[in-house]
Amino acid sequence: MRICVGHITACCDQCGCEDFQPAPGETTPAQELVCFGCGLRAARCALLMQIADATVRRAEAFLDSSRRQRKAPPR
Ligand SMILES: [Zn+2]
């Protein structure tokens, strides 16, 4: 399973894998997930925070680039 919000998918801190499975013994929806690639455990809320951070970074990058374009001298 993938943890995604909009177009952004959370990935494993350790190996970058985007597929997770619920940790053993977790009920649905699982609050703790295990990376499919390396087996690292990750809390669902931590993955959602990672997506929130990525969303903010993308928004900042977009603002930066539009600011830079505005500052650029006209050709
Ligand atoms: Zn992993």
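1. Thr9 and its contacts. Leaving aside residues up to four places away in sequence, Thr9 touches Arg2, Ile3, Cys4 and Glu18. This is a predicted model. Thr9 sits in strand 2, which covers residues 8-9. Is Thr9 buried or exposed? Neither label fits: Thr9 is partly exposed, because 15 other C-beta atoms lie within 10 Å, and burial takes 20 or more. Asp19 is ten residues from Thr9 in sequence. In space the two are 9.4 Å apart, C-alpha to C-alpha.

2. Overall make-up. The protein comes to one helix and five strands. Along the sequence the pattern reads β-β-β-β-β-α. The helix therefore follows the strands in that pattern.

3. Overall dimensions. The C-alpha trace spans about 60 × 20 × 15 Å along its principal axes. The radius of gyration is 17 Å. For a compact globule of 75 residues, a value near 11 Å would be expected. Burial comes to 11% of the 75 residues. Take the contacts between residues at least 6 apart in sequence: 25% of them join residues at least 24 apart.

4. The sheet. Three strands form an open sheet in the order 3-4-5, with antiparallel pairing. Which strands stand at the edges? Strand 3 (20-22) and strand 5 (41-43) do. Each has a single partner strand, so one side of each is left without a neighbour in the sheet. From one strand to the next, the twist averages 40 degrees.

5. Pairing of strand 3 with strand 4. Strand 4 runs over residues 32-35, and its antiparallel pairing with strand 3 has three bridges. Pro22 has Leu33 of strand 4 as its bridge partner. Gln21 stands opposite Val34.

6. Pairing of strand 4 with strand 5. Here too the sense is antiparallel, over three bridges. Val34 of strand 4 faces Arg41 of strand 5 across the pairing. The hairpin of these strands has five residues between them. Within this hairpin, Gly39 takes a positive phi near 85 degrees.

7. Two faces of strand 4. Which residues of strand 4 lie on its covered face? Leu33 and Cys35 do, while Glu32 and Val34 make the uncovered face. The general rule is that side chains in a regular strand alternate between the two faces of the sheet.

8. The core. The largest nonpolar core has eight residues: Ala10, Cys11, Cys12, Phe20, Leu33, Cys35, Ala42 and Leu47. Leu33 and Cys35, from the covered face of strand 4, are both members. Cys35 touches Cys12, Gln14, Cys15, Cys17, Phe20, Leu40 and Ala42, with residues up to four places away in sequence left out. Among these contacts, Cys12, Phe20 and Ala42 also belong to the core.

9. Helix 1. How many residues does helix 1 have? It has 28, and it reaches 41 Å from its first C-alpha to its last. That is close to the 40 Å expected at 1.5 Å a residue. The helix is hardly covered: one of its 28 residues counts as buried. Helix 1 spans residues 44-71.

10. Thr55 on the helix. Thr55 has its place in helix 1. With 14 other C-beta atoms within 10 Å, Thr55 is partly exposed. The count falls short of burial because that takes 20 or more. Ile8 is 47 residues from Thr55 in sequence, yet the C-alpha atoms are 7.6 Å apart.

11. The loop at Gly25. Gly25 lies in the loop between strand 3 and strand 4. Why is Gly25 called exposed? Because 7 other C-beta atoms lie within 10 Å of Gly25, and a residue with 12 or fewer is exposed. Gly25 and Val5 are 20 residues apart along the chain. Their C-alpha atoms are separated by 25 Å.

Methods: Residues are numbered from 1 along each chain as its sequence is written. This is a predicted model: local features need pLDDT of at least 70, side-chain atom pairs count only at pLDDT 80 or more; totals for chains, interfaces and linings use all residues. A nonpolar core is a set of buried Ala, Val, Leu, Ile, Met, Phe, Trp, Tyr and Cys residues joined through C-beta atoms within 7 Å. Two residues are in contact if their C-beta atoms, placed from the backbone, lie within 7 Å. Helices (H or I, at least four residues) and strands (E, at least two) are DSSP runs, numbered from the N terminus. The expected span of a helix is 1.5 Å times one less than its number of residues. Two strands pair if DSSP finds at least two bridges between them. Axes are lines fitted to C-alpha atoms, for helices over the stretch in contact, and angles run from 0 to 180 degrees between N-to-C directions. The radius of gyration is taken over C-alpha atoms; the globule rule is 2.2 Å times the number of residues to the power 0.38.
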